[in-house]
Each structure stands twice: as structure tokens, then as C-alpha cells.
Amino acid sequence: MLPQIDAHMKAAISLLVEGGSGGDGQQPSTSSASPAASGLFAQGEDRVRELILYMLGLLVMVPGHPELGPFYILQGLLTAVPKLPLTAAAALQIHTLTLALTSAYAQRTLVYRVGAVVGNDELYGQGEGYREELAGVTRTCVTETLRILHEMGAGGAGGAAQAKCALDLVNTLLPHYTLTPPLLDFAYKLIELASRAGAGNMGGGVYLRNTVAFVVRTVEASEFVDLINRVVPKFKALVK
């Protein structure tokens, strides 16, 4: 079963790259692409994005390779994404879900598995090398996410799409990563960015207020009194 999964995942990545045209939301050139690649991209960006998100979900339980490493398929997929004809918002959604995936990889026991397939949790047992490589993948993903967010707002053109992506990122990071002052500072900056990009005007500002309320509830549920006293008023001030 594992060889088939490995082969299918790599074939899917190759298909994506074959049908892509260099990224940045441009339409793919299908003149030299196979019928399968042409057919995939002819269905539009939503279909391509859905395929990648499905692959990310599947990768939770797909084990790594003893020579290529625990995350070689994910790394191949992330290398392919900038080459695809995706809008910045779609690329950001992919990277945001990837951060949820790397959080799942960090658990001592994977959140789900299939049959007798041995996952990365059993293969690598959270060894030092595994954790270091996972941290590297996560840093790369965060860096690319921030790059795309910045480019979306270049020249003040971010708008609702940038605001929504920033709030989506906050709502993904907080449930998946350990609550720390640096994480909360990052969340604060993202919400500030969303507010400047017009989140207060999106649907009457409901998503913005709900995100701030979620952060506040998360912090207040912690046992860090100093953190609560320092952080909660600052976040509440964002929606006054």
C-alpha cells in the first residue's frame, strides 16, 4: 500500500507542476501539458486548491522515507506551490493549512492514521533530528506566508482578501501551537494588519470581533496571570 501512496502523491505533485505556468495567479499554458494536467487546470483555481488541501490532509498519515526524510513529500509540494497559477489568497490558504499539518506532525501520537500503516510518530519518535527538520519546514512555511501577506498589501492594495487571510492565520495558529508571548505578539500584529486592511468593514466587522474574542478567551483560559493582565486589554482595544 505504501509504495502506491508514495507514487500517487509524487504523481499528483508532478501533475500540478506540469500544468502550472509560473505562479502569481497567471493562467496556465497547456500547450505542452498532458491531457490530465490540462484538464485539472481547466477546472479552475478552486479545483487545484482543493486537490492540494486534500493532499495536505492525507499527508498526516503518510510516513516519510528513510533516505529522503520524514517530510520529503510535503517539501516537494511546498516547492511546487509557487510555480502554480494560484492567487495570493489561495496560496495563503495552502500555507495556513500546512502550519496545521506541521503542528500535527509535532504530536507524540498522530491525530489519525489508516490501518496498519506506521506513521511518522512511530517511525521517528520525536527524535532530535525529526524535531529540527520539522522546525525548519515550519519556519519556511511561516516565512512564505508572511511574504505573500506583505505582497498582498503592496501599495495599499491588500483589502478584504488580505484581512481575511490574516485572520484565518490567527485562527489556525492559536489552536495548534503552544500559547507563548511571541505567538501572541505575532497574533496581535496579524490582527492589526487585518484591521488596517479593512477587516472592520467585512460583514460588519464580525470576523474581526470574533477573532479577537477567541484570542481573549484562549488567553484567559490559561494559567498565566501576568500574560492575561498584559495581553487581554491590548487585544480588546483592537475592536473598541
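A residue counts as buried here when its relative accessible area is under 20%, and as exposed when that value is over 50%. Keep this cut-off in mind while moving through what is a predicted model.

Begin by selecting Cys 165, whose relative accessible area of 10% falls under that cut-off, so this cysteine is buried. Select Cys 141 next, which also counts as buried because its relative accessibility is 1%. With two cysteines picked out, the sulfur atoms invite a further check: how many disulfides does a search of the whole structure find? The search finds zero.

Now colour the whole protein by secondary structure, and eleven helices appear, with zero strands. Followed along the sequence, the pattern is therefore one α after another, written α-α-α-α-α-α-α-α-α-α-α.

From these, select helix 3, which covers residues 45-59. At 1.5 Å a residue, its 15 residues should span 21 Å, and the C-alpha atoms at its ends are 21 Å apart, which agrees with that expectation. Which residues of helix 3 are buried? They are Val 48, Arg 49, Leu 51, Ile 52, Leu 53, Met 55, Leu 56 and Leu 59. In an α-helix there are 3.6 residues a turn, so residues three or four places apart point the same way.

Finally, return to the protein as a whole and show its surface, of which about 12,100 Å² is exposed, with carbon and sulfur atoms supplying 56% of that area. Of the 240 residues, 45% are buried. Turning to contacts with a separation of 6 or more, 69% of them are between residues 24 or more positions apart.

Notes: Residues numbered from 1 in each chain as written. Predicted model: local features only at pLDDT ≥ 70, side-chain atom pairs only at ≥ 80, totals over all residues. Heavy atoms only, no water. Helix = DSSP H or I, 4+ residues; strand = E, 2+ residues; numbered from the N terminus. Expected span 1.5 Å × (residues − 1). Buried < 20%, exposed > 50% of the residue type's maximum accessible area, 1.4 Å probe, protein only. Disulfide = S-S within 2.5 Å. Contact = heavy atoms within 4.5 Å. Areas by Shrake-Rupley, 256 points an atom, 1.4 Å probe, with all protein chains shown as cover.
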